[in-house]
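User: Please take a close look at the positions annotated as binding site in this protein, and describe where they lie and what surrounds them.

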Amino acid sequence: MPWTSTNRIYAKPSSSGEGTTPVAPQKARAATTAAADSGGRFELSDHGYGKSSVKLLHVHRDGEFHSIREFEVSTELKLSSESAYIVGDNKEVVATDSQKNTVYVLAKKHGIKTPEEFGAVVVNHFLYTYRQVQEAKCHIIEYPWERLQAGGPHNHAFIFSPTATRWCEVSQTRHEAVLVKSGLRGLRVLKTTQSAFVDFVQDEYTTLSDAAERIFSTVVDAEWTYDSMRTADFDNAWLTVKDAILDKFAGPADTGIYSPSVQHTLYQAEKTVLEKVSEVTWIRMTMPNKHYLNIDVSKFPANVTKGDPRHYIYQPIDKPAGLIYAQLRRRPKSHL
Ligand SMILES: O=c1[nH]c(=O)c2[nH]c(=O)[nH]c2[nH]1
């Protein structure tokens with residue numbers, strides 16, 4: 001049966017059935033470890049292995065009308081056995097080459113509706129095909145292709161539009177629900193007015209003046225998780241986050257929206273996401289304050305700089321940048 005988000009993505013696996021045979025008991029693992037390290041001086045405190053950046057293009061041909069999505073998929077497995085590390089026994093190792101093949105095979109078999117749902121297909125496959133897999137993770141980056149507009153939407157041509165990169169990470173531990181985290185990276189924006197920063201601490205360390213008017217530029221990173229008991233419309237959620245960030249940064253086309261600080265603009269965007277997408281449990285955003293400094297032209301002789309008063313010149317500063325972040329979550333419902 002083909003995978004669909006509605007029938008399986010958040011299905012908590014039952015403790016009986018395919019692939020749920022109990023894993024090697026702790027004692028047996030400890031014995032193997034002890035044999036390889038007779039002094040018992042060390043223990044593996046973490047391990048995992050997988051294939052990184054398996055690139056694939058998914059083309060869906062619906063008659064003349066074709067759709068594409070391009071991805072970079074990374075897989076990671078954590079085995080219940082430590083033998084491959086401790087004693088060099090590969091019996092339980094699902095080769096990273098096989099993990100790569102699995103990504104291609106599952107994409108061919110199920111298609112890719114959204115990266116989040118495909119990630120769930122991948123982690124489910126590893127957990128329920130190999131009983132030695134204790135935990136599976138799948139990280140997916142999507143390349144930002146958009147349908148080309150040629151008077152109207154083109155049937156089969158696309159344009160690379162790197163406004164922001166979409167990614168997700170799907171993970172599942174045996175007998176637990178699928179966890180889905182999604183993200184947006186590198187959304188770079190700038191506005192030339194409607195931004196201020198005033199009334200901050202003034203003391204012997206302060207040289208910055210109040211700015212009632214300044215350039216505001218940032219490169220937004222955001223990540224958020226979904227309530228694991230509910231199925232979300234992942235494409236719609238991602239677009240809603242992107243739109244909320246742009247809306248709270250830019251505001252209406254003619255008047256804009258006032259920003260008293262990066263902090264407040266960031267909070268407004270996060271609040272909008274939690275209001276609009278009920279399946280999102282929390283969202284974390286980072287907004288570096290990419291500084292553009294006023295050039296003090298008063299230092300030059302007036303006759304040198306005199307010209308059209310509509311020209312303003314700023315100095316873009318690469319580093320340092322202010323680093324501003326916040327995570328907003330829903331308060332637990334009160335039982336009163
Ligand atoms: O929006 C801002 N928040 C700050 O905390 C800060 N600090 C600073 O130097 N400039 C700014 N701008």
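Analyst: For the feature "binding site", an unreviewed UniProt entry lists Thr96 and Asn289. The two are spread over 194 residues of sequence and are also spread in space, with up to 40.1 Å between C-alpha atoms. The structure in view is a predicted model, and the description that follows should be read in that light.

Threonine 96 belongs to helix H4, which covers residues 96-110. It counts as partly exposed because 16 C-beta neighbours fall inside 10 Å, a count below the 20 that a buried residue needs. Once neighbours within four places in sequence are left aside, the contacts of threonine 96 are with Tyr49, Gly50 and Lys51.

Asparagine 289 lies in strand E9, which is formed by residues 280-289. With 19 C-beta neighbours inside 10 Å, asparagine 289 is likewise classed as partly exposed. Beyond four places in sequence, asparagine 289 is in contact with Thr218, Val262, Ala321, Gly322 and Ile324.

Asparagine 289 is also one of the residues around the ligand, whose surroundings are made up of Phe197, Leu208, Ser261, Val262, Gln263, Asn289 and Gly322. Val262 and Gly322 therefore appear both in this shell and among the contacts of asparagine 289, a residue that counts as partly exposed with its 19 C-beta neighbours inside 10 Å. Sorted by class, the shell consists of three nonpolar and four polar residues, with no charged residue in it.

A wider set under the "binding site" annotation, again from an unreviewed UniProt entry, covers Thr96, Asp97, Phe197, Arg214, Val262, Gln263 and Asn289. This set is spread over 194 residues of sequence and reaches up to 52.8 Å between C-alpha atoms. Among its members, Phe197, Val262, Gln263 and Asn289 are found around the ligand, whereas Thr96, Asp97 and Arg214 are annotated but do not appear in the list of residues surrounding the ligand.

Aspartate 97 is placed in helix H4, the helix that also holds threonine 96. Aspartate 97 counts as exposed because it has 9 C-beta neighbours inside 10 Å. Arginine 214, by contrast, sits in the loop between strand E7 (179-191) and E8, and it counts as buried because 21 C-beta neighbours lie inside 10 Å. Not counting residues up to four places away in sequence, arginine 214 touches Ser195, Ala196 and Phe197, and Phe197 is itself one of the residues around the ligand.

As for the setting of these positions, the protein chain contains eight helices and twelve strands, and buried residues make up 23% of its 336 residues. Of the contacts in the chain with a separation of 6 or more, 69% are between residues 24 or more positions apart.

On confidence, the mean pLDDT of the protein chain is 90, and 88% of its residues reach 70 or more. Over residues 1-34, however, the pLDDT is below 50, although this stretch has 47 contacts in the model beyond near neighbours in sequence. The model as a whole scores ipTM 0.99 and pTM 0.87.

Technical notes: Residues numbered from 1 in each chain as written. Predicted model: local features only at pLDDT ≥ 70, side-chain atom pairs only at ≥ 80, totals over all residues. UniProt positions renumbered as here; feature names shortened; annotations may be inferred. Helix = DSSP H or I, 4+ residues; strand = E, 2+ residues; numbered from the N terminus. Buried ≥ 20, exposed ≤ 12 C-beta atoms within 10 Å, placed from the backbone. Contact = placed C-beta atoms within 7 Å. Near = placed C-beta within 6 Å. Nonpolar A, V, L, I, M, F, W, Y, C, P; charged D, E, K, R; others polar. pLDDT = per-residue confidence, 0-100.
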